[in-house]
Protein chains: 4
Amino acid sequence: MTSTGESTHGYVADKDAYLKRMSRIEGQARGISKMIVEDKYCIDILTQISAVTRALQGVAVGLLDDHIRHCVLDAAKIGDEEAAVKIKEATDAINRLVRS
Amino acid sequence: MTSTGESTHGYVADKDAYLKRMSRIEGQARGISKMIVEDKYCIDILTQISAVTRALQGVAVGLLDDHIRHCVLDAAKIGDEEAAVKIKEATDAINRLVRS
Amino acid sequence: MTSTGESTHGYVADKDAYLKRMSRIEGQARGISKMIVEDKYCIDILTQISAVTRALQGVAVGLLDDHIRHCVLDAAKIGDEEAAVKIKEATDAINRLVRS
Amino acid sequence: MTSTGESTHGYVADKDAYLKRMSRIEGQARGISKMIVEDKYCIDILTQISAVTRALQGVAVGLLDDHIRHCVLDAAKIGDEEAAVKIKEATDAINRLVRS
């Protein structure tokens, strides 16, 4: 919650859960570095990279859900144009995610 | 290089480069956690997640390239069956990557 | 517009544009079959498959944008629960897209 | 098989299977157009697009597997440089696929 009390970003209520997920992802990334240091088999490293990628995209889809649920709907209460701006941002983000 | 001197994983020659890329990815992941702590705008966090995902997939494609270039070709010198095993592993890894 | 006059799916206004894009995608898919019939080089076929995949995902992101812009916002005018249902559907669809 | 009898593309042995998969994909693409014509629910169309995308990527991974199994290994029998060219093509194709 910002000090001004204005409607904040959608994910704030789940902040701890997101931080826990990100901290697990950081750990997985460190694990991949360690596998490289230890000359682990490339295919096993690739399996770990797929797992981290999936975890990151899970976080992203969660943030998008929160964004639509809060930022978009809050903007829609102000006006159609305000909602349109937030939806365009969401769609652009979805586009980047789908292509990444 | 393993102590037995056997042909090692393809990426070993580029180990430092991979470790540098992974350390940048770890830094980016920490940056995302920090953005969440600081209540940054969800869409900006999503942009960062797309960037980390792309960076991770860049590492993965590099490892795959090294895998084919070394593990698969080395196995092919031993025999068709040995190559087939390595190629199946590579294809399964590609499949996981494409879907992640 | 359905005969009952109820609020219709978001994409209906752009129906012709979507049909034109899908018809181009169908043509590209037929082109890939033709390349296989004619023993074209595998890598060139893969380039075409990437192009069709990107085109399909462009259609999907467009439909999602329309879905949020219309179905979600219309539902939000009825009530929070109605909006929540539509948003959950959108998020599940995003999840499937990101992983496909 | 080309008339010159030269080693042909890897997928040629499975040509019928690939054509069958592509013809199913063409049918699915036509089905999506029909859903749009009939004003079907956007989320159901998105589900179909995810299914087609997955089917296309299945074909792509199959072609890549055949490419490595045949084109790359055949080139490796000729020489390291020849193999390197084919592997670079494969890696570029994987890169496009992962990002599409």
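Contact, as the word is used in this tour, means heavy atoms within 4.5 Å. The structure on display is a predicted model.

**First stop: the meeting of chains A and C**

Select residues 80–98 of chain A, which form helix α3, together with residues 42–78 of chain C, which form helix α2. On the α3 side of chain A, the residues to highlight are A:A83, A:A84, A:I87, A:K88, A:T91, A:I94, A:N95 and A:V98. Their partners in α2 of chain C are C:Q57, C:V61, C:L64, C:D65, C:I68, C:R69 and C:L73. Coloured by character, the residues of this contact fall into nine nonpolar, three polar and three charged.

Two packed helices are described by the angle between their axes and the distance between the axes. For α3(A) and α2(C), the angle is about 150 degrees and the axes lie 10 Å apart. Because angles over 145 degrees count as roughly antiparallel, α3(A) is roughly antiparallel to α2(C). The crossing of α3(A) past α2(C) is right-handed.

**Second stop: C:D65**

Remain at this contact and select C:D65, a residue of helix α2 of chain C. Is C:D65 buried or exposed? With a relative accessibility of 12%, C:D65 counts as buried, since the cut-off for buried is under 20%. Leaving aside residues up to four places away in sequence, C:D65 touches A:I87 and A:T91. Next, add C:A90 to the selection: C:D65 and C:A90 are separated by 25 residues in sequence and by 9.6 Å in space, C-alpha to C-alpha.

**Third stop: two helices within chain D**

Move to chain D and select residues 15–37, helix α1, and residues 42–78, helix α2. The axes of these helices are 10 Å apart, and the packing angle is about 160 degrees. At that angle, α1(D) is roughly antiparallel to α2(D). The crossing of α1(D) past α2(D) is left-handed. The residues of the contact of α1(D) with α2(D) comprise 14 nonpolar, four polar and three charged.

**Fourth stop: the loop residue 39 in chains A and B**

Most residues other than glycine have a negative phi. Select A:D39, in the loop that joins α1 (15–37) and α2 (42–78) of chain A. What is the phi of A:D39? The value is near 55 degrees, which is positive although the residue is not glycine. A:D39 is buried, at a relative accessible area of 18%.

Then select B:D39, which lies in the loop between α1 (15–37) and α2 (42–78) of chain B. B:D39 is likewise not a glycine, and its phi is positive, at about 55 degrees.

**Fifth stop: the relations between chains**

Display chains A and B together. Chain B is superposed on chain A by a rotation of 180 degrees with 0.0 Å of shift along its axis, and the RMSD is 0.0 Å. This is the relation of a two-fold axis. Of the interface residues of chain B, 100% are also interface residues in chain A, so the copies meet through the same surface.

Finally, display chains B and D. A turn of 180 degrees and a shift of 0.0 Å along the axis lay chain B on chain D with an RMSD of 0.0 Å. Which residue of chain B comes closest to the rotation axis? Select B:V98, whose C-alpha lies at 2.4 Å from that axis. The same surface serves both copies, as 95% of the contact residues of chain B recur in chain D.

Technical notes
Residues are numbered from 1 along each chain as its sequence is written. Chains are lettered from A and ligands numbered from 1 in the order in which they are written. This is a predicted model: local features need pLDDT of at least 70, side-chain atom pairs count only at pLDDT 80 or more; totals for chains, interfaces and linings use all residues. Side-chain values use heavy atoms; hydrogens and water are left out. Axes are lines fitted to C-alpha atoms, for helices over the stretch in contact, and angles run from 0 to 180 degrees between N-to-C directions. Helices (H or I, at least four residues) and strands (E, at least two) are DSSP runs, numbered from the N terminus. Angles under 35 degrees count as roughly parallel, over 145 as roughly antiparallel, 65 to 115 as roughly perpendicular and the rest as oblique. A crossing is left-handed if the near helix is turned anticlockwise from the far one by less than a right angle, and right-handed if clockwise. Ala, Val, Leu, Ile, Met, Phe, Trp, Tyr, Cys and Pro count as nonpolar, Asp, Glu, Lys and Arg as charged, and the others, Gly among them, as polar. Buried means under 20% relative accessible area, exposed over 50%, partly exposed in between (1.4 Å probe, protein chains only). Copies are superposed by least squares on the C-alpha atoms of residues with pLDDT of at least 70 in both.
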